[in-house]
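The following paragraphs lead through the structure shown here, one part after another. Please keep the sequence and the model side by side while reading.

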Amino acid sequence: MRRLAGWMLSLPALALVVLALILPVGATIVATLLDTAGYGAFFGSGFRRTVLWRTLEIASITTLISLVVGFLTAFVVSRAPPRWRSVLIIAAVFPLLTGVVVRSFAWLIVLGKNGIVNNALIWLGVTDTPFSMLYTQGSVIVAMVYLFVPLMILTLVGVLEGIPDDLIQASASLGAGPAATFRQVVFPLAVPGLIVGAVLVFTGSFTSYATPQLLGGERQMVMGTLLHQRAMVAFDWDGAAVVATIMVVVTILVVLGMTRVAKRLNPMAT
Amino acid sequence: MTQALTLKNLTAHYGTTKVLDDLSLEVPAGELVSLLGASGCGKTTTLRLVAGFLEPTSGSITLGGKDLTRLPAHKRDIGLVFQSYALFPHLSVADNVGFGLKQRGVGAADRAKRVTAMLERVGLAHLADRLPGALSGGQRQRVALARALVIEPPLLMFDEPLSNLDARLRLEMRAEIRTLQRANGTTSVFVTHDQEEAFSISDRVAIMHAGQIMQYDTPEVLYQRPANEFVARFVGYDNLIPMQVAARDGARVTAAAQGAELILSQDDFGAIPDCFVLAARPEGLLVSDQGIPARLGLRTYLGRSYQYVCETPLGSLLATSPLSDVREPGSAVHLAPNPAQCCILPAA
Amino acid sequence: MRSTVPLPLTLFAVLVYLFLMGPLVIVIGAALSDTSYLTFPPQGLTLRWFEKIFEMAAFRRTIVTSIQIAFLATAIALVIGIPAAYALNRFRIQLPGWLSTIFVLPVLVPEIVLGFALLRSVATSWELPIFATLLIGHTLIVLPYCVRVVSASLASFDFSVEEAAISLGSPPLKTFFTVVLPNIKAGVIAAFILAFITSINDVSVSLFLTGPGVSTLPIQILAHVEQFFDPVIASVSVLLMLLTVAVMAVVERTLGLTFLAK
């Protein structure tokens with residue numbers, strides 16, 4: 001009776017997920033497996049291999065930079081006086097809620113021909129003619145780091161706040177300086193949070209569309225923009241389905257792989 | 001290795017609130033001294049100042065002649081045992097204990113030897129590879145103790161180390177801490193709010209209130225000769241009766257208050273000033289035929305005696321009668337002092 | 001009195017926050033620039049780019065669509081998500097473990113893949129208007145937020161309170177509305193806000209599901225940027241930031257800002 005009630009209440013939501021997610025995505029993946037020629041076409045094309053490689057590279061670099069920047073910043077936030085801490089957390093939440101398009105677009109203005117960087121360079125006399133900094137791998141990575149650092153900060157602040165001050169003081173009382181305490185106490189205890197953050201940032205940047213589209217354009221095509229281009233410009237749906245499947249597979253591999261790493265690295269695991 | 005700790009004129013603030021007011025304290029080398037008081041009295045602040053987690057507004061901290069006042073916490077070489085134990089959850093018991101040695105550059109082999117020896121002393125050698133999460137409260141306490149002792153610090157400090165243990169374990173650990181401290185002869189500071197704990201474990205106790213030390217003495221002196229009303233109340237002198245001397249006859253003194261008269265002997269109390277406060281434990285006022293007139297209220301059976309809440313012209317007082325002399329609530333009696341359980345304080 | 005953080009580290013954090021805030025300040029500046037191209041620092045000050053937004057039919061239309069979709073998708077997701085979250089908590093023992101995983105799937109599957117897969121289904125087997133498909137897609141991506149956030153609220157709800165109400169004679173359905181719902185109000189509000197913001201900002205799913213005449217604001221922004229490089233988009237961005245400010249103000253009022261920290 002209770003089991004039935006549970007099922008009845010979950011049914012509408014379950015139906016939506018099954019009908020609008022599992023079946024369509026499943027069908028897309030299965031379609032590429034029925035006729036594997038699509039994979040031949042994908043991996044046979046130097047261009048598409050480059051796109052896959054580039055996307056992995058951008059996602060990895062973004063993840064790495066976000067980890068370092070986010071970790072150090074989150075540590076400062078987690079040890080700030082309470083009033084400052086909430087201000088800093090709000091300052092990280094604000095960009096996160098503002099949306100990908102706005103935040104990527106902001107970098108168009110920063111890096112564009114009439115943007116602040118070029119204006120500053122001209123004003124300083126470094127150059128007469130504005131540089132084109134857009135549509136490079138660097139511009140995509142900068143914007144992606146910008147996109148994901150707040151997420152990393154918020155993920156890690158929670159973890160770092162959970163490290164009691166007592167532990168840091170105990171470490172100091174035993175003779176460990178700030179650097180030694182950071183390395184031997186804070187970092188190992190933050191590892192689970194770092195892994196969660198890394199998964200979020202990697203999968204997020206690996207599957208992103210708006211940022212590489214705005215700041216990388218055709219020249220820096222990544223998996224997301226390639227999927228869109230295949231599906232909506234070339235109307236090559238079989239090709240698009242292959243791209244989509246590769247994205248799903250990579251995402252699942254990363255999630256599973258990192259979960260295993262997390263289990264092995266988890267300092268509290270017995 | 002044993003060194004004296006000297007605090008001179010320490011003042012400290014949290015923001016604009018003064019939490020420590022011109023506090024001076026000398027902990028003799030090799031002694032265990034407790035800081036005793038209710039929460040907010042400044043005892044933990046004092047400990048954190050000595051540990052280096054807080055900076056005093058003014059004053060100095062010296063350990064064995066070395067000025068610690070401006071030294072960063074990690075260079076002070078003080079063994080600390082935290083209320084929460086503060087064991088590193090990601091390190092094994094052995095690595096927790098070896099943490100301080102590692103910071104001091106002790107090689108792995110030597111470190112392992114010293115860690116094992118220390119774990120054997122606290123009886124935890126068999127748990128060396130466990131993580132703290134897998135230990136019981138008492139075991140964690142022992143690891144914390146071992147971790148602080150193994151670095152052989154000239155000063156050990158305990159921040160309410162027993163408050164997270166159940167009653168039986170608390171007694172056991174109390175004895176163990178005292179034994180280890182005696183054996184090493186390490187100067188120690190012990191912060192607690194538990195009077196019994198402080199008195200039983202310490203060479204001396206500093207009773208603190210509002211950022212100041214009210215009295216600093218051996219437990220015996222504190223118990224028998226409190227210096228002021230605060231300490232008297234703290235150590236169980238529940239009845240504080242302000243009195244004036246009405247007549248003197250040799251050692252015999254007649255003291256009066258609110259019409260009630262008591263005969264006190266200077267042989268029992270030493271010199272009695274003209275104006276004073278008689279501090280009496282409940283056992284210090286006996287139900288009798290003369291003394292302070294009283295009407296008995298609530299009676300409590302205490303095993304060896306009866307205790308009464310009494311209405312007297314001097315206010316509500318606690319008094320005692322032996323088991324052989326049961327009185328009924330409501331009866332009119334008198335209360336006479338039992339000098340062994342009373343003392344004389346200067347008038348406030 | 002917390003442990004002190006080394007000064008260089010604090011300075012680094014300050015720089016990071018300048019990096020986080022800077023571009024947004026620049027967008028505001030650019031939106032006010034009296035030039036026909038995007039530039040910073042602004043040259044001259046004008047509000048005409050804000051007026052321009054509403055003069056352009058494409059923006060007017062997509063703003064309306066975006067708001068409609070966000071409201072409807074969030075409402076539907078809550079209506080089906082709250083009972084699911086309730087069931088997952090109340091009947092935890094009776095339901096299989098994978099059920100709660102199912103509701104997290106839309107987060108695990110890349111949104112852009114979901115968008116493409118929905119497009120394929122619509123084109124091949126379903127016959128649905130564009131608006132309806134968009135709505136389905138958006139409901140799907142906001143559902144996990146609704147289920148998870150409401151679940152978190154329910155996890156700390158003591159169900160014996162509900163049983164007490166029922167034992168006092170209150171019928172189960174009425175009990176849900178009078179006893180359970182008021183106690184998980186904070187979670188429902190939080191879920192609503194998260195879901196609404198997620199839908200308004202979505203690109204990856206909408207990208208495939210918009211069509212002739214029906215588009216959402218972010219997609220319109222992307223299309224506009226590809227053709228023009230004028231400050232209109234900067235001013236639209238400022239509007240979206242104002243929306244974020246408004247949302248945070250609502251959160252502050254109803255739940256307290258510490259809620260955002262979670």
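In this predicted model, a suitable place to begin is an open sheet of chain B that is built from 5 strands in the order β13-β12-β11-β14-β20, with antiparallel pairing. The strands β13 (260-265) and β20 (342-346) of chain B stand at its edges, and because each has a single partner strand, one side of each is left without a neighbour in the sheet. From one strand to the next, the twist averages 40°. Within this sheet, strand β11 (residues 239-249) of chain B runs antiparallel to strand β14 (residues 275-280) of chain B, and 6 bridges join the two. A residue pair that can be located directly is B:Leu240, which stands opposite B:Ala279 in β14(B).

Chain B also holds an open sheet of 4 strands, again described by its strand order, which is β2-β1-β4-β5, and the pairing here is antiparallel. Its edge strands are β2 (17-27) and β5 (66-67) of chain B, each of which pairs on one side only. The edge strand β5(B) is joined to strand β4 (residues 58-63) of chain B over 2 bridges in the antiparallel sense, and at this junction B:Leu63 stands opposite B:Lys66 in β5(B). A helix accompanies the sheet: α1 (residues 43-51) of chain B lies across β1 (5-14), β2 and β4 of chain B, and its direction makes an angle of about 70° with β2(B).

Further along chain B comes helix α5 (residues 167-184), whose length can be checked against expectation: at 1.5 Å a residue, its 18 residues should span 26 Å, and since its end C-alpha atoms are 26 Å apart, the two values agree. Which residues of α5(B) are buried? They are B:Arg174, B:Ile177 and B:Gln181. Seen down the axis of α5(B), these buried residues fall within an arc of 70°, so they line one face of the helix. On the other side of α5(B), the residues B:Arg168, B:Ala175, B:Thr179 and B:Ala183 are exposed. The cover over the buried residues of α5(B) is drawn from several elements of chain B, including β3 (32-36), α4 (137-149), β7 (155-159), β8 (187-192) and α6 (195-201). After α5(B) comes B:Gly185, which has a positive phi, near 65°.

Chain A, by contrast with the strands just described in chain B, comes to 12 helices and 0 strands. Its C-alpha trace spans about 75 × 65 × 35 Å along the principal axes, and of its 270 residues 51% count as buried. Among the contacts in chain A between residues at least 6 apart in sequence, 75% join residues that are at least 24 apart.

One residue of chain A allows a view at finer detail, namely A:Val117, which is found in helix α6 (residues 116-123) of chain A. Why does A:Val117 count as partly exposed? The reason is that A:Val117 has 16 C-beta neighbours inside 10 Å, whereas a buried residue would need 20 or more and an exposed one would have 12 or fewer. Leaving aside neighbours within four places in sequence, A:Val117 is in contact with A:Val110, A:Leu111 and A:Met133. Of these partners, A:Met133 is 16 residues away from A:Val117 in sequence, while the C-alpha atoms of the two are 9.2 Å apart in space.

Chain C has 13 helices and 0 strands. The C-alpha trace of chain C spans about 70 × 65 × 30 Å along its principal axes, and 45% of its 262 residues count as buried. Of the contacts in chain C with a separation of 6 or more, 72% are accounted for by residues 24 or more positions apart.

These two helical chains also meet one another, in a contact that takes 72 residues from chain A and 75 residues from chain C. On the side of chain A that touches chain C, helix α1 (residues 2-34) of chain A gives the most, with 17 residues. By residue type, this side of chain A divides into 51 nonpolar, 16 polar and 5 charged residues.

Conventions
Residues numbered from 1 in each chain as written. Chains lettered and ligands numbered in written order. Predicted model: local features only at pLDDT ≥ 70, side-chain atom pairs only at ≥ 80, totals over all residues. Contact = placed C-beta atoms within 7 Å. Pairing = 2+ DSSP bridges. Axes fitted to C-alpha atoms, helices over the stretch in contact; angles between N-to-C directions. Expected span 1.5 Å × (residues − 1). Arc of directions from axis to C-beta. Nonpolar A, V, L, I, M, F, W, Y, C, P; charged D, E, K, R; others polar.
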